[in-house]
Amino acid sequence: RNYCNALLNNGLVPTLMTLCLGCLSVLVALALSVYVLQKLCFPYFWRDLLFLQKVVRYGVKLEVFKLTSSVRTVLDRFLQQVQRIPDKPFVIYDGNVHTYRDIDRRSNRLANVFLEKANLRKGDCVALLMNNEPDFLCVWFGLAKVGCSVAFLNTNIKSKSLLHCFNSCGAKTLIVGSGKSLISLKRLLSDNIQVWAMRSWTKHTEVHSLLDKLESASEKPVPAALHAATSLKTPTLYIFTSGTTGLPKAAVISHLQSLKAAAGFWAFGATEDDVIYVTLPLYHSAASLIGVGGTIELGATLVLKKKFSASQFWNDCRKHDVTIFQYIGELCRYLCNQTKTELDKVHKVRMGVGNGLHQDVWQEFQSRFGKIKMCEVYGSTEGNLCFMNHIGKIGSVGRSNFFYRLLFKYDLVKYDIVKDEPVKDQYGFCRRVDKGEMGLLLSKVSAISPFFGYAGSKELTEKKLMRNVFVKGDAYFNTGDLMAEDHEGFIFFRDRVGDTFRWKGENVSTTEVTEILGLVDFIQEVNVYGVQVPGHEGRGGMASIIVRSGFIFDGKKLFEHVVRDLPGYARPLFIRLQEVMETTSTFKQQKFHLVQSGFNPSKVVDPLYVLDYKQKSYIPLTDTIYQSISAGEHKL
């Protein structure tokens, strides 16, 4: 007591209190300054950190699988969900509800048929040609339970590409959906290929019926050892992608890639209570790996549509209480083009996950349908790099930062668009671009970011790599995309390079189209490229043609040829007749000036033609038709 009284009498306590209050004020001011500085200079710091924390946590789990050899696959996760939530709706299709248990039991039946009747064995590759339907998943999972890898075939491809796809993955069995001409398929393939159809089939012996065998098949699970995986690098799927070499290439999809893709929805904040609407084709990686795989990872519900319908989209969302949907840019534009109604904002959709959404459509979409969080994902099927726009920055395909660059090594390098090649320095190495400058996106191949390549040819895999980029011996995956990164770390897509462009959600190989057109008797030389079409995403196909001496251009014959041998998205919309084909100094066809010229008849002096399905011909492209196309009145 005496000591305290002495302190009070000497005035030390008030002095100490003043000092403490002063220090506290300084700390508060400092904290406030740091907060303001962080908001001004690093506005996304905490959101980046939290998002990256989720990504790293999931990555660590995958690394543990590698080290312990206790690999858990997407199929294993599905079987876990079957045990955990057997009666929860897994797939809703055409008004019918299929629970996790339903899909499991039907896939068990199929697995037993594959083993006992089709004589499939672990390690076999089986091609799958089916439209969107629940049986796509059942067949997929049934084959996976037997230990087979599955090749997803694009249902739009024609005979030449189909044969190539089938043979490149080494498949000896084909499973066909109910919507295909089975006999023509059987005649197309060699006699040692067995074809099974997901429908009753008694008239022809060339095709085996799966449905007839299912009734008597057992629902008991096949031995788990058949589908047990010991390595995340083991191929589980082959998904075909168009490339610069012409015919589609079978991208190898390992368990590692499947698991990474399945975490997409979760990383963006989705939960098991979400209802996810998928209208994209399941043979694409977006719908199968992210859509189906992501639903399984969460234990959520998937609403599956056979084919996208703009007029039915929002009614389906309201009917099934959809909260998340998958998109491509074209899909959102189609929705915006629909007639406005009072119900546009009456729904429970809170998130869209996809790619290719242009800034103008993004803004219009959110303005009309509500503040739906649009989560852009950038990455190719076979690529080793992924960007995710978790912030929701309009127009950006993804986000990078200091932490991301520590884990994933990528670079944007200078690219000469006219010469169609990277710019090199005096030592032969690529040159990095400055912030905000457009460049070719390259991703370093490493243990963290492996590139699994393509099935069937090491040459195809090697062509996708660039070596000795910055130093001797390094290797980078060439995305073929021109990108830009702004000062805040947001990534923006600018254009495609080389011999591939995108139309109606599909990659189009100019080399493949060129080969098909070159078979027409009156065509001497052809140069295929993509041009921008007002009101449409991507680029529409256009072909510059030199007519062979002694022949004349025949629009009807060319129409019949492209309709017979090319899928709809790959058919050239426009034809330009030229006397001489422009080439580079190395005699490579020059596309740059052709792309810049476009298809405006008032600016192009050469004869122009447009694909016309009503007249079943390529007809002269007049100013009137051009204006109609530009106004969105002429259907392409």
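Trainee: What is the relative accessible area of F45?
Mentor: In this predicted model, local features need pLDDT of at least 70, side-chain atom pairs count only at pLDDT 80 or more, and totals for chains, interfaces and linings use all residues. Residues are numbered from 1 along each chain as its sequence is written, while side-chain values use heavy atoms, with hydrogens and water left out. Buried means under 20% relative accessible area, exposed means over 50% and partly exposed lies in between, for a 1.4 Å probe and protein chains only. F45 is partly exposed, because its relative accessible area is 29%.

Trainee: How many aromatic pairs does a search of the whole structure find?
Mentor: Rings of Phe, Tyr and Trp (for Trp, its six-membered ring) pair if their centres lie within 6.5 Å; planes under 30 degrees apart count as stacked, over 60 as edge-to-face and the rest as tilted. On that basis, the number of aromatic pairs in the whole structure is 36.

Trainee: What is the angle between the planes of F45 and W46?
Mentor: The ring centres of F45 and W46 are 4.9 Å apart. The pair is edge-to-face, with an angle between the planes of 85°.

Trainee: Is the pair of F574 and F599 stacked or edge-to-face?
Mentor: F574 is in strand β28 (residues 574-577), whereas F599, 25 residues apart from it, is in the loop between α20 (592-597) and β29 (608-612), and the pair links distant parts of the chain. Both partners are covered: F574 is buried at 0% relative accessible area, and F599 is buried at 3%. The ring centres are 4.0 Å apart and the planes stand at 10°, so the pair is stacked.

Trainee: Over the ring of which residue does the charged end of R432 sit?
Mentor: A charge sits over a ring if NZ of Lys or CZ of Arg is within 6 Å of the ring centre and within 35 degrees of the ring normal. The charged end of K54 sits over the ring of W266 at 4.6 Å from its centre. For R432, the charged end is 3.8 Å from the ring centre of F470.

Trainee: Which strands stand at the edges of the sheet of 8 strands, each with a single partner strand?
Mentor: Helices (H or I, at least four residues) and strands (E, at least two) are DSSP runs, numbered from the N terminus, and two strands pair if DSSP finds at least two bridges between them. The sheet is open and its pairing is mixed, in the order β2-β1-β11-β10-β12-β13-β14-β15. One side of each edge strand is left without a neighbour in the sheet, because a single partner strand is all that each has, and these strands are β2 (96-99) and β15 (387-388).

Trainee: Which residue of β11 does V91 stand opposite?
Mentor: Strand β1 (residues 89-93) runs parallel to strand β11 (residues 301-304), and the two pair over 3 bridges. In that pairing, V91 stands opposite L302.

Trainee: What angle does the direction of helix α13 make with that of β10?
Mentor: Helix α13 (residues 313-320) packs on the sheet and touches β1, β10 (275-278), β11 and β12 (324-328), contact meaning heavy atoms within 4.5 Å. Axes are lines fitted to C-alpha atoms, for helices over the stretch in contact, and angles run from 0 to 180 degrees between N-to-C directions. Between α13 and β10 the angle is about 155°.

Trainee: How many of the 8 residues of α14 are buried?
Mentor: Helix α14 (residues 329-336) lies across β12, β13 (351-355) and β14 (373-378), running at about 105° to β12. Its buried residues pack against α13, β12, β13, α15 (359-369), β14 and β24 (500-503). They include E330 and R333. The helix is largely enclosed by the rest of the structure, because the number of its residues that are buried is 7.

Trainee: By what distance are the C-alpha atoms of L304 and Y277 separated?
Mentor: L304 lies in strand β11 and is buried at 3% relative accessible area. Leaving aside residues up to four places away in sequence, L304 touches V91, I92, Y93, N132, E133, P134, V278 and L282. Y277 is 27 residues apart from L304 along the chain, yet their C-alpha atoms are separated by 6.2 Å.

Trainee: What is the average twist from one strand to the next in the sheet of 7 strands?
Mentor: This open sheet has mixed pairing in the order β7-β6-β5-β3-β4-β8-β9, with β7 (207-209) and β9 (249-254) at the edges. From one strand to the next, the twist averages 25°.
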